[in-house]
Amino acid sequence: MEHKLGIKINDLEDDLVVSVSANNLSLAVVKHEGKIYALDSKCTHEGGPLGEGHIDNGELICPWHSGAFSLESGAADENTPWVTDVKSYRVRVDATTGDIYVEE
Ligand code: FES
């Protein structure tokens, strides 16, 4: 099932992570090197808000205890073993409207 997010690609600044809710989803969304990524916003450690995290070296960093996740896959970085993988979503951008969709 596809969920339309209430933001468009041009609303996003490079590497600035935002929190987005869509239906039952709560997501951390970011544009990195021109591509959009969407991960579950709840950190797998103690539930920190990944939508308030930041990007470092192409990874999403949790604001609470710096757990690091791959933007592409949501995989936990082995250097921050206190977190486990977080769910990542396939993202589609409508080339005409710039609307962003995630697939669940
Ligand atoms: S809650 Fe995210 S690293 Fe602890």
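## Buried and exposed

A residue is called buried here when its relative accessible area is under 20%. By that cut-off, buried residues make up 43% of the 104 residues in this chain. Keep in mind that you're looking at a predicted model.

As for the outside, the chain exposes about 5800 Å². Carbon and sulfur atoms supply 43% of that area.

## The overall build

There's no helix to look for: the secondary structure comes to zero helices and nine strands. Walk along the sequence and you get the pattern β-β-β-β-β-β-β-β-β. The radius of gyration is 13 Å, close to the 13 Å that the globule rule gives for 104 residues, so the chain is as compact as a globular protein of that length.

If you boxed up the C-alpha atoms along the principal axes, the box would be roughly 40 × 25 × 20 Å. And who touches whom? Take the contacts with a separation of 6 or more: residues 24 or more positions apart account for 38% of them.

## A three-stranded sheet

Now zoom in on one sheet. It's an open one, made of three strands in the order β5-β6-β7, with antiparallel pairing. The edge strands are β5 (54–56) and β7 (68–70), and each of these pairs on one side only. Neighbouring strands in this sheet are turned by 40° against each other on average, ignoring direction.

Strand β6 covers residues 59–61, and its antiparallel pairing with β7 runs over three bridges. For a spot to find in the structure, try I61: across from it, in β7, stands A68.

Terms used
Residues are numbered from 1 along each chain as its sequence is written. This is a predicted model: local features need pLDDT of at least 70, side-chain atom pairs count only at pLDDT 80 or more; totals for chains, interfaces and linings use all residues. Side-chain values use heavy atoms; hydrogens and water are left out. Two strands pair if DSSP finds at least two bridges between them. Helices (H or I, at least four residues) and strands (E, at least two) are DSSP runs, numbered from the N terminus. Axes are lines fitted to C-alpha atoms, for helices over the stretch in contact, and angles run from 0 to 180 degrees between N-to-C directions. The radius of gyration is taken over C-alpha atoms; the globule rule is 2.2 Å times the number of residues to the power 0.38. Buried means under 20% relative accessible area, exposed over 50%, partly exposed in between (1.4 Å probe, protein chains only). Contact means heavy atoms within 4.5 Å. Accessible areas come from the Shrake-Rupley method with a 1.4 Å probe; for residues, only the protein chains shown count as cover.
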